[in-house]
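Hi,

Here's the structure I promised to pass on. Have a look at it first, and then read my notes underneath.

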Amino acid sequence: MTTVQSTTPQYPFTAVVGMDDLRLALLLNAVSPAVGGVLVRGEKGTAKSTAVRALSALMPAVDVLGGCRFACAPDAPDPGCPDGPHGSGPAEQRPTRMVELPVGASEDRLVGALDIERALSEGVKAFEPGLLADAHRGILYVDEVNLLHDHLVDLLLDAAAMGASYVEREGVSVRHASRFLLVGTMNPEEGELRPQLLDRFGLTVEVAASREPDQRVEVVRRRLAYDADPAGFAARWADEEQALRGRIAAARALLPEVRLGDAALRQIAATCAAFEVDGMRADIVMARTATALAAWAGRSDVREEDVRQAALLALPHRRRRNPFDAPGLDEDKLDRTLEEFGADEDTDGEDDPEPDGPDGGPDGGGPGGGHPPQDGGPEEAPLPPGTELPHQQEREDPRGPSQEPPAAPESPAPPASEDGPDAPAGQGVAGEKPAVGAAEPFRTRRLDVPGLGEGADGRRSRARTAHGRTTGARRPHGALGKLHLAATVQAAAPHQRARGRRGAGLVVRRDDLREAVREGREGNLVLFVVDASGSMAARKRMGAVKGAVLSLLLDAYQRRDKIGMITFRGSGAELALPPTSSVEAGAARLEQLPTGGRTPLSEGLLRAHEVLRVERMRDPARRALVVVVTDGRATGGPEPLARASRAARLLAAEGTASVVVDCEAGPVRLGLAGELARALQGTAVTLDELRADSVSALVRTVQGTRTAHANRKAA
């Protein structure tokens with residue numbers, strides 16, 4: 001179900017406990033949809049979806065033309081509406097729709113579907129509207145937006161940028177208006193969003209579960225009460241909901257009268273420049289947000305605190321320079337910038353009914369900064385305890401200026417180990433060395449999985465996909481995908497006389513339709529198997545090795561791969577990072593990786609074999625690429641090299657594509673990494689050859705090496 005129209009009442013917005021930033025961001029969009037939507041980032045189970053769904057009940061009803069599937073406004077119908085031209089039909093009023101876009105939705109479900117068979121045989125544009133049409137003049141909600149397929153993200157970006165959706169199918173074109181409030185939720189642990197889509201969200205907020213026991217108790221108490229009697233619970237909060245709905249309407253009415261002065265504009269421009277955000281969208285969003293904050297506070301002028309709050313909501317997600325940067329804003333720097341470009345501009349006294357001071361104005365606890373007034377006023381309604389609307393937050397330490405944080409007890413530093421890089425088996429990782437920092441990442445060469453896959457769209461290996469270059473045609477399996485027009489005409493042409501064709505129209509049957517077979521690229525599961533033993537640390541190579549792995553992680557992010565990480569040292573191997581779409585989690589695990597102990601290479605490879613076995617059951621279409629980062633040494637237990645070779649052959653027998661990054665250094669090299677690559681039927685590259693800009697690098701792909709292995713076997 002995509003359009004939320006349930007007989008069960010929604011959980012009331014005013015009953016959400018805490019989450020001040022989230023509620024404020026949603027309310028600002030209700031006041032001014034031009035702000036551009038909200039991206040809600042946070043851990044699972046933090047009421048992200050509950051709050052977003054509750055927003056739709058607060059939005060004002062919309063007037064639509066009766067019978068129009070595209071929600072045209074009676075006073076300004078879309079001249080290009082597929083259901084038009086509209087006459088003077090009856091107007092209807094309906095609640096604001098909240099349309100949910102499922103992560104696994106098809107392209108036709110999002111943008112709509114054309115009946116190609118009728119278009120070819122009858123010349124009729126039979127169009128079934130999609131979710132973008134349903135969301136027009138409403139809310140488009142995407143839960144887990146960071147897991148949305150790339151091609152759906154592209155369509156969403158186009159509609160958000162142009163305010164319209166275009167459907168093109170083999171020369172048949174349909175356009176309709178699609179202006180909506182975009183709201184998305186995501187868990188950053190599952191991967192980040194593309195920068196283009198991040199920038200389309202006007203505001204972003206971080207949410208986390210409260211650590212206060214009393215607040216957690218209140219959350220549970222209200223949720224249990226709602227689950228037991230949704231209608232009764234909603235009725236108990238009806239007055240608060242109505243009061244908040246009225247305040248939104250009042251703020252909307254005041255919004256056109258809010259004055260954004262030159263001083264506030266200078267502060268906005270200076271803030272965006274100071275934080276080096278790309279483009280001009282941040283400036284525009286900040287201006288709209290500051291104006292909405294002033295209207296929400298019941299004022300007709302924008303103040304410095306409005307600009308500050310707007311920056312905290314509009315800038316954090318626009319500052320990232322690479323996927324390993326955490327969103328955020330340096331508030332001290334923000335305050336210095338606002339102070340440097342502070343306003344000396346006089347404002348009309350009539351717009352400032354309350355004096356500055358401890359009880360009002362920007363320095364006090366009264367209304368200001370876009371937060372609702374706490375002491376009455378015509379638009380304020382008393383709310384039950386725990387449901388206050390967002391208010392001005394004190395930035396001082398709640399413990400007081402005189403209290404210092406308790407000092408951590410000192411512990412003696414562990415004695416330096418005298419063990420060699422490969423500690424005796426009985427001592428485990430007694431020779432462990434602390435984690436070292438990674439070298440500067442670099443652009444890597446693309447490593448491909450051989451053959452033609454059918455996995456999710458990405459940018460790594462060749463695959464049959466819904467997008468890409470056309471390589472052939474086939475009969476459709478189920479619903480028709482992309483029509484191959486030439487093949488369809490060729491299939492229908494021999495039967496025209498038998499079908500009694502008259503005139504210029506082509507008589508097409510369902511059996512004549514052919515869909516295009518396209519070849520693009522897919523995302524893979526890149527499983528890193530990293531040697532963290534003492535032999536890697538002894539030669540001070542771990543910084544360079546971590547830099548190489550960090551570079552490959554960045555490459556995996558850009559190519560839309562899933563990643564996993566196994567580390568081996570001491571007496572075994574550990575799954576440091578289960579397969580995930582979050583390269584940030586991979587970078588964090590890598591940064592904390594210590595080294596030391598023996599080199600259980602076989603255990604690392606066997607653990608990789610087990611992880612891939614489980615992943616094939618979960619996602620059989622996603623092909624894997626194993627990247628082993630090691631110098632090829634193996635120690636510990638009987639015949640360690642022989643056991644490692646047998647484990648490598650086990651992976652090769654499963655058809656697993658592999659790359660060995662050879663970390664061996666020094667004038668004397670044993671070539672053990674090359675032998676491991678041969679056992680894996682993969683390819684070996686040195687750290688230097690891994691660089692895309694390396695002069696000495698050879699064009700090495702997994703496909704080429706596996707072909708060479710096959711040729712040697714044939715000879």
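Below is what I found, grouped by topic. Keep in mind that this is a predicted model.

**Aromatic rings**

Let's start with the rings. A pair of aromatic rings is described by how far apart the centres are and by the angle of the planes. The count here comes to four aromatic pairs. One of them is Tyr226 with Phe233, an edge-to-face pair with 5.9 Å centre to centre and 75° between the planes. Are Tyr226 and Phe233 buried or exposed? Both Tyr226 and Phe233 are buried. If you follow the ring pairs along, you get a cluster made up of Tyr11, Tyr226, Phe233 and Trp237.

Two arginines are worth clicking on as well. Arg247 lies over the face of Trp296, 4.1 Å from the ring centre. Over at Phe442, the charged end of Arg691 sits over the ring, 4.1 Å from its centre.

**Salt bridges**

Side chains of opposite charge can pair when their charged atoms come close. How many salt bridges does the structure hold? There are 34, and I picked three to show you.

Take Asp227 and Arg223: their closest N and O atoms are 3.3 Å apart. Asp227 and Arg223 both belong to helix α8 (residues 213-228) and are four residues apart, about one turn of the helix. An α-helix has 3.6 residues a turn, so residues three or four places apart point the same way. Asp227 is partly exposed, with a relative accessible area of 45%, and Arg223 is partly exposed too, at 34%.

Glu610 and Arg613 also form a salt bridge, and their closest N and O atoms are 2.6 Å apart. You'll find both in helix α19 (residues 601-618), three residues apart, which is again about one turn of the helix. Glu610 has a relative accessible area of 34%, so it is partly exposed. Arg613 comes out at 37%, so it counts as partly exposed as well.

Some salt bridges share partners, and these join Arg460, Asp555, Arg559 and Asp561 into one network.

The third pair is Arg462 with Glu519, where the closest N and O atoms are 2.8 Å apart. This pair links distant parts of the chain: Arg462 is in strand β12 (residues 457-465) and Glu519 is in strand β14 (residues 515-522), 57 residues apart. Arg462 counts as partly exposed at 36% relative accessibility, whereas Glu519 is buried, with a relative accessible area of 13%.

**A mostly covered helix**

Now go to helix α21 (residues 672-680). How many of its nine residues are buried? Seven of them are, so the helix is mostly covered. The buried ones are Leu672, Ala673, Gly674, Leu676, Ala677, Ala679 and Leu680. After α21 comes Gln681, which has a positive phi, near 55°.

**Ser178**

Last stop: where is Ser178? Ser178 is in the loop between β9 (172-177) and β10 (181-186). Its relative accessible area is 1%, so Ser178 counts as buried, the cut-off being under 20%. Which residues is Ser178 in contact with, leaving aside its neighbours within four places in sequence? They are Leu132, His136, Ala159, Gly163, Ala164 and Ser165. With Leu132 there is a polar link to look for: its backbone oxygen lies 2.9 Å from a polar atom of the Ser178 side chain.

Have fun exploring!

How values were computed. Residues are numbered from 1 along each chain as its sequence is written. This is a predicted model: local features need pLDDT of at least 70, side-chain atom pairs count only at pLDDT 80 or more; totals for chains, interfaces and linings use all residues. Side-chain values use heavy atoms; hydrogens and water are left out. Rings of Phe, Tyr and Trp (its six-membered ring) pair if their centres lie within 6.5 Å; planes under 30 degrees apart count as stacked, over 60 as edge-to-face and the rest as tilted. Buried means under 20% relative accessible area, exposed over 50%, partly exposed in between (1.4 Å probe, protein chains only). A charge sits over a ring if NZ of Lys or CZ of Arg is within 6 Å of the ring centre and within 35 degrees of the ring normal. Helices (H or I, at least four residues) and strands (E, at least two) are DSSP runs, numbered from the N terminus. A salt bridge is a side-chain nitrogen of Lys or Arg within 4 Å of a carboxyl oxygen of Asp or Glu. A polar contact is a pair of N or O atoms within 3.5 Å; within protein, one must be able to donate a hydrogen and the other to accept it, and residues adjacent in sequence count only if both atoms are side-chain atoms. Contact means heavy atoms within 4.5 Å.
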